[in-house]
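This report describes the fold, the buried cores and selected residues of a single chain. The sequence and the coordinates are shown first, and the description follows.

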Amino acid sequence: MLLHGGHGTGKTYLLNKILSTGWSKNVLRLVRDAKLSQPSIIVIDDLESLVSKEDALSSSMAKAIGEELDVLAQCLSGRSLPRVLVVATALNSSSIPMSLKKRGRFRTEISLPIPDVAARKAILKSLEPPIHPDTRDETLNKLGDRTHAYTAEDLVALLDAACELAEEKAEDSDAENEQGYYLAQEDIEQALLLVRPTAMHDITL
């Protein structure tokens, strides 16, 4: 469910009431279950949405997650750590409280940058778009050069848009055969006008 409304409408009050039911112990049960069924993985997507705000709810969530990570790290068998991998995602590492970056918690940080030209070309080729084999490498290399600031998701969206355009064109002209269709340069050009790079939103000109 989504609770929304202006200041003072009772959003935080309702959240605190939900927390008081005790259901918030799901975090604790999750870690206990992971330890019982090793090897296992715990995934927390968009961690900052849980712990980055300066309110009682975020503070209590950060404390609960931190305490469970400590319990997990202390469950040693000899000198080996438990075989439980905890992976969390966040838009910005600096938005995660320092209390969650202490020893035994989220000490290892891996930055996923916006892909450079070589990475974009590798991503495009890995997606294996329906481009004629004779021109595939040349087309994708040129596209990689032209897609500055496109994320991997943007590149997927770009090729999806180009494929939709090519499919529509094939249906309209009855040109589609048993082997399907190939993307034309025209389809890619139109898709470039439709799909703009997400990363440009974070750049101030």
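The accessible surface of the chain comes to about 14,400 Å², and carbon and sulfur atoms account for 55% of that area. The model is a predicted one. Of the 205 residues in the chain, 28% are buried. The secondary structure consists of eight helices and two strands, arranged from the N terminus in the order α-α-β-α-α-β-α-α-α-α. Among contacts between residues at least 6 apart in sequence, 67% join residues at least 24 apart.

**Strands E1 and E2**

Strand E1 (residues 40-44) pairs with strand E2 (residues 84-88) in the parallel sense, over five bridges. Val 86 of E2 is the bridge partner of Ile 42. Ser 40, Ile 42 and Ile 44 form the covered face of E1, whereas Ile 41 and Val 43 form its uncovered face.

**Helix H4**

Helix H4 (residues 56-74) has 19 residues, which at 1.5 Å a residue should span 27 Å; the end C-alpha atoms are 27 Å apart, in agreement with that expectation. Its buried residues are Ser 58, Ala 62, Ile 65, Gly 66, Glu 68, Leu 69 and Leu 72. These cover an arc of only 165 degrees around the axis and therefore lie on the same side of H4. The face turned away from this buried side carries the exposed residues Ala 56, Lys 63 and Gln 74.

**The nonpolar cores**

In soluble globular proteins, nonpolar side chains tend to be buried together. The largest nonpolar core in this model has 20 residues; those with the most contacts inside it are Leu 124, Leu 143, Tyr 150, Leu 158, Leu 183, Ala 191 and Leu 192. Helices H5 (117-126), H6 (136-146), H7 (152-173) and H8 each supply at least two residues of this core. The largest share, eight residues, comes from H7. Apart from this core lies another, of 15 residues, among them Ala 34, Ile 42, Val 51 and Ile 65.

**Helix H8**

The buried residues of H8 are Asp 187, Ile 188, Ala 191 and Leu 192. They cover an arc of only 140 degrees around the axis, so they lie on the same side of H8.

Ile 188 lies in this helix, which comprises residues 185-194. With a relative accessible area of 3%, Ile 188 counts as buried because the cut-off is under 20%. Leaving aside residues up to four places away in sequence, Ile 188 touches Thr 139, Leu 143 and Ala 162. Ile 188 and Leu 143 are 45 residues apart in sequence, and their C-alpha atoms are 8.5 Å apart in space.

Leu 192 also touches Leu 143. With the same exclusion of residues up to four places away, the other contacts of Leu 192 are Arg 146, Thr 147, Tyr 150 and Leu 158.

**Two loop residues with positive phi**

Glu 128 has a positive phi although it is not a glycine, and Ala 149 likewise has a positive phi without being a glycine. The table sets out their values.

| Residue | Phi | Loop | Relative accessibility |
|---|---|---|---|
| Glu 128 | about 50 degrees | between H5 and H6 | 65%, exposed |
| Ala 149 | about 75 degrees | between H6 and H7 | 5%, buried |

Glu 128 is thus an exposed residue of its loop, whereas Ala 149 is a buried one.

Key: Residues are numbered from 1 along each chain as its sequence is written. This is a predicted model: local features need pLDDT of at least 70, side-chain atom pairs count only at pLDDT 80 or more; totals for chains, interfaces and linings use all residues. Side-chain values use heavy atoms; hydrogens and water are left out. Helices (H or I, at least four residues) and strands (E, at least two) are DSSP runs, numbered from the N terminus. Buried means under 20% relative accessible area, exposed over 50%, partly exposed in between (1.4 Å probe, protein chains only). Contact means heavy atoms within 4.5 Å. The expected span of a helix is 1.5 Å times one less than its number of residues. The arc is that of the directions from the helix axis to the C-beta atoms. Two strands pair if DSSP finds at least two bridges between them. Accessible areas come from the Shrake-Rupley method with a 1.4 Å probe; for residues, only the protein chains shown count as cover. A nonpolar core is a set of buried Ala, Val, Leu, Ile, Met, Phe, Trp, Tyr and Cys residues joined through side-chain atoms within 4.5 Å.
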